[in-house]
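Subject: Handing over the structure

Hi there,

Here is the structure I promised to pass on to you. I hope you enjoy looking through it.

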Amino acid sequence: MERSKWAVRTAETIMARTPRLGEDKGYGGKWSYDYGVVLRGFRQMWTFTGDERYFRYIQDNMDAFVGEDGAIRGYRADEYNIDHINNGKLLIDLWRETGEEKYKLAASSLRDQLRTHPRTAEGAFWHKQIYPYQIWLDGLYMGAPFYLDYLLTFENGEGLDDVTKQFILCEKHTRDARTGLLYHAWDEKREQPWADPATGLSPSFWGRSMGWFVMALADVLELLPESHKDRKELERILRDTLTALRNVQDAESGAWYQVLDQAGRKGNYLEASASSMITLAIAKGLRLGVLDPAWNETLEHAFAGLIAEFVLETKEGWINLNKNCQVAGLGGADRRDGTYAYYISEPIIANDLKGVGAFLQACAEYEHGRAVPAAAGEAGKA
């Protein structure tokens with residue numbers, strides 16, 4: 001099959017199936033971070049190909065939520081939910097392209113949440129107000145790339161240390177010294193039922209949580225000025241974390257497991273969203289020069305695994321992405337305990353937006369990104 005087919009066909013499939021992401025099954029029009037995962041893939045396709053249909057798809061989906069006064073339908077800042085920040089990246093893109101004030105106003109309201117968002121004693125954002133004193137790997141993707149882009153675009157690049165600090169603190173508290181893998185979450189107070197009373201750590205290495213983390217790092221390194229004092233440290237964190245992930249990559253398929261270090265254990269399975277996110281981070285790390293060329297072999301194996309393990313084509317020629325964990329978290333009303341048995345118990349579905357969005361991003365970066373110079377067109381490079 002020709003090299004450039006998967007990203008275009010995946011984008012076409014998404015546009016045909018879900019012209020409005022908020023109307024997809026189970027979303028009910030709510031302001032959900034999932035849309036930003038998909039639309040980030042469309043942003044890559046628009047950047048890489050220049051096809052205006054991809055830009056219009058982003059705009060149509062954001063316009064379903066953003067009023068002329070900049071108010072975001074369904075968004076409440078006082079929930080202090082870091083997930084709600086993720087879609088803001090697209091609002092900045094829309095403002096850059098159109099100059100329409102409503103997009104800047106909407107992005108500014110998300111920025112304002114971060115001004116008062118609760119933090120740990122060291123300054124890391126809580127995952128949500130309902131999950132106090134907790135760092136989750138997921139939250140790095142939800143907040144940091146938007147925060148960095150906003151500071152560079154609207155605040156003269158001031159305060160960037162607050163962005164880089166989020167990754168440094170997260171790695172400090174979640175990294176396992178033996179494997180280099182990161183636990184899903186850390187409870188500063190060591191009060192949660194899932195938290196180890198001595199370390200505050202959750203019990204397992206969940207694939208998608210590490211996918212969120214490395215994808216966030218790659219996105220931030222694409223924008224962070226070369227001169228920033230923490231850049232080399234963030235590059236190290238990405239290299240070290242991806243090296244740990246390479247050590248648990250399935251040798252046969254090239255993909256990654258739902259629980260990363262438990263290959264062969266009953267119930268474990270190769271999971272599409274995590275595998276897509278990790279593949280994307282490797283591809284972008286190579287393009288940015290953070291990873292050395294020897295990583296190309298790992299990338300080729302991983303990308304081949306995405307296609308062989310997870311993709312089925314319909315008779316209409318649409319792309320189905322199978323074996324996505326629908327959702328996973330910790331605590332809450334469901335008393336999710338973070339054990340191996342818990343992560344394996346969550347539903348496995350096809351075409352989950354988080355998985356499809358990450359897959360589109362991985363395909364776009366793999367098939368189109370290699371031809372783009374590392375610093376091309378990206379704000380904040382210095």
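Below is what turned up on cavities, the main pocket, the nonpolar cores and one buried glutamate. Please keep in mind that this is a predicted model.

**Enclosed space**

Let me start with the cavities. The structure has 3 of them at 30 Å³ or more, and the largest encloses about 110 Å³. Its lining is made up of Ile-82, Ala-124, Phe-125, Trp-126, His-127, Ile-135, Trp-136, Gly-139, Leu-140, Gly-143, Ala-144 and Gln-166. By class, that lining counts 8 nonpolar and 4 polar residues, with no charged ones. Two elements, strand S1 (134–136) and helix H6 (137–154), each put at least two residues into the lining. H6 has the largest share, with 4 residues.

**The largest pocket**

If you want an open site to look at, the largest pocket holds about 690 Å³ of space. There are 33 residues in its lining, and those nearest the centre of the pocket are Lys-30, Ser-32, Tyr-33, Asp-34 and Val-327. H6 turns up here too: along with helix H8 (207–223) and helix H13 (353–367), it gives two or more residues to the pocket lining. The classes in this lining are 12 nonpolar, 9 polar and 12 charged residues. So much for the open and enclosed space.

**Nonpolar cores**

In soluble globular proteins, nonpolar side chains tend to be buried together. In this model, the largest nonpolar core consists of 116 residues, and the ones with the most contacts inside it are Phe-42, Leu-91, Phe-167, Phe-213, Leu-242, Leu-245 and Ile-282. The element that gives the most to this core is again H6, with 12 residues. Apart from the largest core there is another one, of 15 residues, including Tyr-131, Trp-136, Tyr-342 and Tyr-343. You may recognise Trp-136 from the lining of the largest cavity.

For a closer view of the largest core, try Leu-242. Setting aside residues up to four places away in sequence, Leu-242 touches Val-214, Ile-278, Ala-281, Ile-282, Leu-291 and Trp-295.

**A buried glutamate**

One last residue to look up is Glu-171, which sits in helix H7 (residues 161–174). Is Glu-171 buried or exposed? Its relative accessibility is 9%, so Glu-171 counts as buried, the cut-off being under 20%. Beyond its neighbours within four places in sequence, Glu-171 is in contact with Leu-182, Arg-236 and Ile-237.

Happy browsing, and all the best!

Key. Residues are numbered from 1 along each chain as its sequence is written. This is a predicted model: local features need pLDDT of at least 70, side-chain atom pairs count only at pLDDT 80 or more; totals for chains, interfaces and linings use all residues. Side-chain values use heavy atoms; hydrogens and water are left out. On a 1 Å grid over the protein atoms alone, a cavity is a set of points where a 1.4 Å probe fits but cannot get out, and a pocket is an open set with protein on both sides within 12 Å along at least five of seven lines; lining residues have an atom within 4 Å of a point. Grid points are joined across faces, edges and corners, and a volume is the space filled by probe spheres set on the points. Ala, Val, Leu, Ile, Met, Phe, Trp, Tyr, Cys and Pro count as nonpolar, Asp, Glu, Lys and Arg as charged, and the others, Gly among them, as polar. A nonpolar core is a set of buried Ala, Val, Leu, Ile, Met, Phe, Trp, Tyr and Cys residues joined through side-chain atoms within 4.5 Å. Buried means under 20% relative accessible area, exposed over 50%, partly exposed in between (1.4 Å probe, protein chains only). Contact means heavy atoms within 4.5 Å.
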